[in-house]
Amino acid sequence: MSTRYPFTAVVGMDDLRLALLLNAVSPAVGGVLVRGEKGTAKSTAVRALADLLPEVAVVAGCRFSCDPAGPDDRCPDGPHEAGPGVARAARMVELPVGASEDRLVGALDIERALGEGVKAFEPGLLADAHRGILYVDEVNLLHDHLIDLLLDAAAMGSSYVEREGVSVRHAARFLLVGTMNPEEGELRPQLLDRFGLTVEVAASREPEQRVEVVRRRLAHDDDPVAFASRWAAEEGALRARIVAARELLPSVVLGDAALLQIAATCAAFEVDGMRADIVMARTATTLAAWDGRTDVTSEDVRQAALLALPHRRRRNPFDAPGLDQDKLDETLDRFKNDNEPPESTESTESTESTESTESTGNEDDDDPDPGPQGPGGPGGGGGIPPQGGAPDGAAGSPQAPQAPEAPETSGAPSPAGPGERAAVQAAEPFRTKMLSVPGLGEGAAGRRSRARTDHGRTTGSRRPQGALTKLHLAATVQAAAPHQRARGRSGRGLVVRRDDLRQATREGREGNLVLFVVDASGSMAARQRMSAVKGAVLSLLLDAYQRRDKVGLITFRGKDAELALPPTSSVDAAAARLATLPTGGRTPLAAGLLKAHDVLRVERLRDPSRRPLLVVVTDGRATGGPEPVALGTRAARLHAAEGTASVVVDCESGMVRLGLAGELARELGGSAVTLDELRADSIAGLVKDVQGTSRRAA
């Protein structure tokens, strides 16, 4: 018996459990992306799903898990002869965040391919996950090119590996599940769209439900085997229901009326492309099969919309996923089939009654037994989730989504404290010119500064260090050619040894750490001026999101500086801090620069390969304390001495300008741009590269 935490013992989160079960019935739905705060049992629920999947029959000895009833005729281990095969449990394969491309898709032995003409292929995680579950925890931290490969395989049902003209193809059909914490950064909208369903989860705010979560978790940790045995009957019933729904699915009819509702809903919410229509159709069909019906109803379409559309409505990182349910109901009612009979819940209720108790549980039973018959049973939130979703206010309920709120730049100003002015609204963001770090880095893949990367244009070759990943064919042939006679070459083939192989060096773009140091003092407090400054910073944050940067935010005013947001991949968190930023007081410029110096020192220890870009948003004034200008100059020179790339956004306005921001930029060893020059459509200048210390010294 498995000692994993049972799926039916998960408390609440009905939408999450329903989305996972729908994909277990039909992987063609397209997988699930689970978004939620830390500690909400996202990973626990996903791992528990593996024990519910029925066993699969595979061809004995096939590394690609071919089905003996219909083996893949292009399987690298084939061809396979017809036979009964062997049964094994469905696998759940986890993709680590730091996995390489070869680990994901598999690796070809280039040396044998060139020297012997043999396609020696080592399967990757996609092959291992075929006909099972592929789980990616913290999918938002995975490199973009790996996510693209992963989603392409999930969409096509096969994986292609190509290396210098040698290619291998194998089947890769799996249930894709990704989890993420939005506080650590968002996925690009294009990647969000590739996930079939998305569910928002949050911890319950109900004390009784939180008590039940703790009670069950402690009971499982004390004796996993005994805890699992208490839920064995519930698990078996749910497993049988999955099998029954799979068998019924081909018989489900998606009528023209339901299809019209799907198309009208996607059009009403202005969803890009046609993928949403297809996913909704598959989801609604699977919902009907899960409920034991062969016809798709309006309620199926509504539930499918709640699961498939919210994440497809994001246009930028500051948009919160969500769906206007009043608009959804209005659209469905407008295109509803008048001949459709009223929704009947008798079949659902009868099925539920044989498998679980009512979701409210027995309030008079205070037995702390965590088994399925006490408050630790389905009555505490476990068991089989109903199709209609959780009750209002429950965690994961489509009626009460608890998504992280994006900043409202047009919202009401926040109240100001003594000596402060209220936060003002940000001006409309705009497309900015690219600010980049000079030189050639080796940081994480991104879209800002030049760097040596695994993907990009080929710039040269070198001897491989470890496994060969990107062959430089011309350099390899050049290295092997002088030794052909000594190696006894006969015939047309080239005799290649391992010492001849050359790794291609490539140049692409990296993501940087963009640290914003924003002047929030009284000199910036003019309403129109601060609104423009916030709009500029918001624009730079949007640019950082698109270029896959980490961002941090420091503000200075009054007597000190504050780290408003430690370096993070979540630009919407930075935008939220910016939206509530009040202004007022003196200008402790030195404090802001020294705080930035401390933050960058720590970040260099944490991630030495990620190069920083310091963006100081100020008018250049320094006031407060003894010798504020001299202190500011010395603080700026600290950054220059360490080679920190920097740019000063000059916020000075008016007819008379002192040019203090330009002087600060020179002390930092960087450059200064005005708010107008920051715009990509400005004619004030071309793209401005940040000047580093080396250029300053020259």
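**Exercise 1. Work out which residues the ring pairs link into a cluster.**

Step 1. Recall the rule: rings of Phe, Tyr and Trp (its six-membered ring) pair if their centres lie within 6.5 Å; planes under 30 degrees apart count as stacked, over 60 as edge-to-face and the rest as tilted.

Step 2. Count the pairs: the structure holds two aromatic pairs. In one of them, the ring centres of tyrosine 5 and phenylalanine 227 are 5.4 Å apart and the planes stand at 35°, so this pair is tilted.

Step 3. Place the two residues. Tyrosine 5 is in the segment before helix 1 (14-25) and phenylalanine 227 is in helix 9 (residues 224-230), so the pair ties together parts that are 222 residues apart in sequence. Helices (H or I, at least four residues) and strands (E, at least two) are DSSP runs, numbered from the N terminus.

Step 4. Add the pair of phenylalanine 227 and tryptophan 231, which is also tilted, with 6.3 Å centre to centre and 45° between the planes.

Result: Tyr5, Phe227 and Trp231 are linked into a cluster by ring pairs.

The model is predicted: local features need pLDDT of at least 70, side-chain atom pairs count only at pLDDT 80 or more, and totals for chains, interfaces and linings use all residues. Residues are numbered from 1 along each chain as its sequence is written, and side-chain values use heavy atoms, with hydrogens and water left out.

**Exercise 2. Decide whether tyrosine 5 is buried or exposed, and do the same for tryptophan 231.**

Step 1. Use the cut-offs: buried means under 20% relative accessible area, exposed over 50%, partly exposed in between (1.4 Å probe, protein chains only).

Step 2. Tyrosine 5 has 10% relative accessibility and counts as buried. Tryptophan 231 has 0% and is buried.

**Exercise 3. Find which parts are tied together by the pair of aspartate 193 and arginine 312.**

Step 1. The side chains of aspartate 193 and arginine 312 meet in a salt bridge at 2.7 Å, N to O. A salt bridge is a side-chain nitrogen of Lys or Arg within 4 Å of a carboxyl oxygen of Asp or Glu.

Step 2. Aspartate 193 lies in the loop between helix 7 (189-192) and strand 11 (197-201), and arginine 312 in the loop between helix 13 (298-308) and helix 14 (325-334), so the pair ties together parts that are 119 residues apart in sequence.

Step 3. Aspartate 193 and arginine 312 are both buried.
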